[in-house]
Amino acid sequence: FLPQVDSANAGRVLASDAAVFLKKSGLTDLVLGKIWDLADTDGKGILNKQEFFVALRLVACAQNGLDVSLSSLNLPVPPPRFTDTSSPLLLSGTASSDLPWAVKLEDKVKYDAIFDSLNPVNGLLSGDKVKPVLLNSKLPVDILGRVWELSDIDRDGMLDRDEFAVAMFLVYCALEKEPVPMSLPAALVPPSKRKPLSVPGAMPLIPSSTKEPHQSLPPVGILAAKTPLTQ
């Protein structure tokens, strides 16, 4: 990756060049800003070769749902993915279909059991049925709202079996004090949702999008209503 941003072969990367390149990762500006702050250790706005590799490593961590922190640098993650397309929706092109799903098989069995116990209709659970499970986690309402946003991949206000597994995975991550990502990492997109047509819905790179907040947030309004868990 270095030759792409260090065309002068000076062994360093300027902030302006790095910004253009790092945006191709599909991560939000907020996350990229945090990555830059951690990599630019002396705050000079320039990365040397070692610092640039730290930035790439942190990009890979963020794309795989890990915390963007120096403590994540030693964790095993696939290489970072960048795309040359102007559309950030195609985060990793067809490569995402080759990624192993982050939800482990043994965990999927547990999540499926919970899913079935909630009496799905035509293989789908409404927000009303998912809400008690989310609230039972005692997580903050804003975190639960983001969990719903990320797991309702096809934006139909319902969760199917795989989407519910994503929601449960994110809830358990949050309970383990791991931050819920701002956009769904490619590795978390269920294989059943990795068709080219569903990629735009599966990659909400701008979670604060004003285009469809009401359509994609029905349970959040319910979550914010009176609940016995407000204390």
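Contact, as the word is used in this report, means heavy atoms within 4.5 Å. The structure is a predicted model, in which local features need pLDDT of at least 70 and side-chain atom pairs count only at pLDDT 80 or more, while totals for chains, interfaces and linings use all residues. Residues are numbered from 1 along each chain as its sequence is written, and side-chain values use heavy atoms, with hydrogens and water left out.

## Overall architecture

The secondary structure of the protein chain comes to eleven helices and four strands, where helices (H or I, at least four residues) and strands (E, at least two) are DSSP runs numbered from the N terminus. Of the 231 residues in the protein chain, 45% are buried; buried means under 20% relative accessible area, exposed over 50%, and partly exposed in between, with a 1.4 Å probe and protein chains only. The protein chain exposes about 12,200 Å², of which carbon and sulfur atoms supply 60%, the areas coming from the Shrake-Rupley method with a 1.4 Å probe and, for residues, only the protein chains shown counting as cover. Among contacts between residues at least 6 apart in sequence, 62% join residues at least 24 apart.

## Two nonpolar cores

A nonpolar core is a set of buried Ala, Val, Leu, Ile, Met, Phe, Trp, Tyr and Cys residues joined through side-chain atoms within 4.5 Å. The largest such core has 31 residues, and among these Val-147 and Phe-164 touch the most other members. Helices α5 (105–117), α6 (127–135), α7 (141–151) and α8 (161–175) each supply at least two residues of this core, with α8 giving the most, namely ten residues. A second, separate core of 20 residues includes Leu-56, Val-59, Ala-62 and Phe-82.

In the largest core, when residues up to four places away in sequence are not counted, Phe-164 touches Tyr-111, Ile-114, Phe-115, Leu-118, Leu-125, Val-130 and Leu-159.

Two members of the second core can be followed along helix α4. Ala-62 is found in this helix, which covers residues 49–63, and Val-59 is found in α4 as well. Ala-62 counts as buried because its relative accessible area is 11%, and Val-59 counts as buried because its relative accessibility is 0%. Leaving aside residues up to four places away in sequence, Ala-62 touches Leu-27, Val-31, Val-68 and Pro-185, whereas Val-59, with its neighbours within four places likewise set aside, is in contact with Leu-22, Ser-25, Leu-27, Ile-35, Pro-80 and Phe-82. The C-alpha atoms of Ala-62 and Val-77, which are 15 residues apart along the chain, are separated by 9.8 Å; for Val-59 and Arg-81, 22 residues apart along the chain, the C-alpha separation is 8.3 Å.

## Annotated spans

For "domain: EF-hand", an unreviewed UniProt entry lists residues 27–62 and 139–174; UniProt positions are given in the numbering used here, feature names are shortened, and annotations may be inferred rather than shown by experiment. The table gives values computed from the model for each span.

| Span | Distance between end C-alpha atoms | Helix | Strand |
|---|---|---|---|
| Residues 27–62 | 8 Å | 69% | 8% |
| Residues 139–174 | 8 Å | 69% | 6% |

## Aromatic pairs and cysteines

Rings of Phe, Tyr and Trp (its six-membered ring) pair if their centres lie within 6.5 Å, and planes under 30 degrees apart count as stacked, over 60 as edge-to-face and the rest as tilted. By this rule the count comes to three aromatic pairs. The rings of Phe-52 and Phe-53 have centres 6.4 Å apart and planes at 45°, so this pair is tilted. Phe-52 counts as buried at 0% relative accessibility, whereas Phe-53 counts as partly exposed at 42%.

A disulfide is taken as a pair of cysteine sulfur atoms within 2.5 Å, and the count by this rule comes to zero. Cys-61 is buried, with a relative accessible area of 0%, and Cys-173 also counts as buried, at 16% relative accessibility.

## Positive phi in loops

Asn-122 has a positive phi of about 55° although it is not a glycine; its place is in the loop between α5 and β3 (125–126), and Asn-122 is exposed, with a relative accessible area of 77%. Lys-138, another residue other than glycine, has a positive phi near 65°. Lys-138 is placed in the loop between α6 and α7 and is exposed, with a relative accessible area of 58%.
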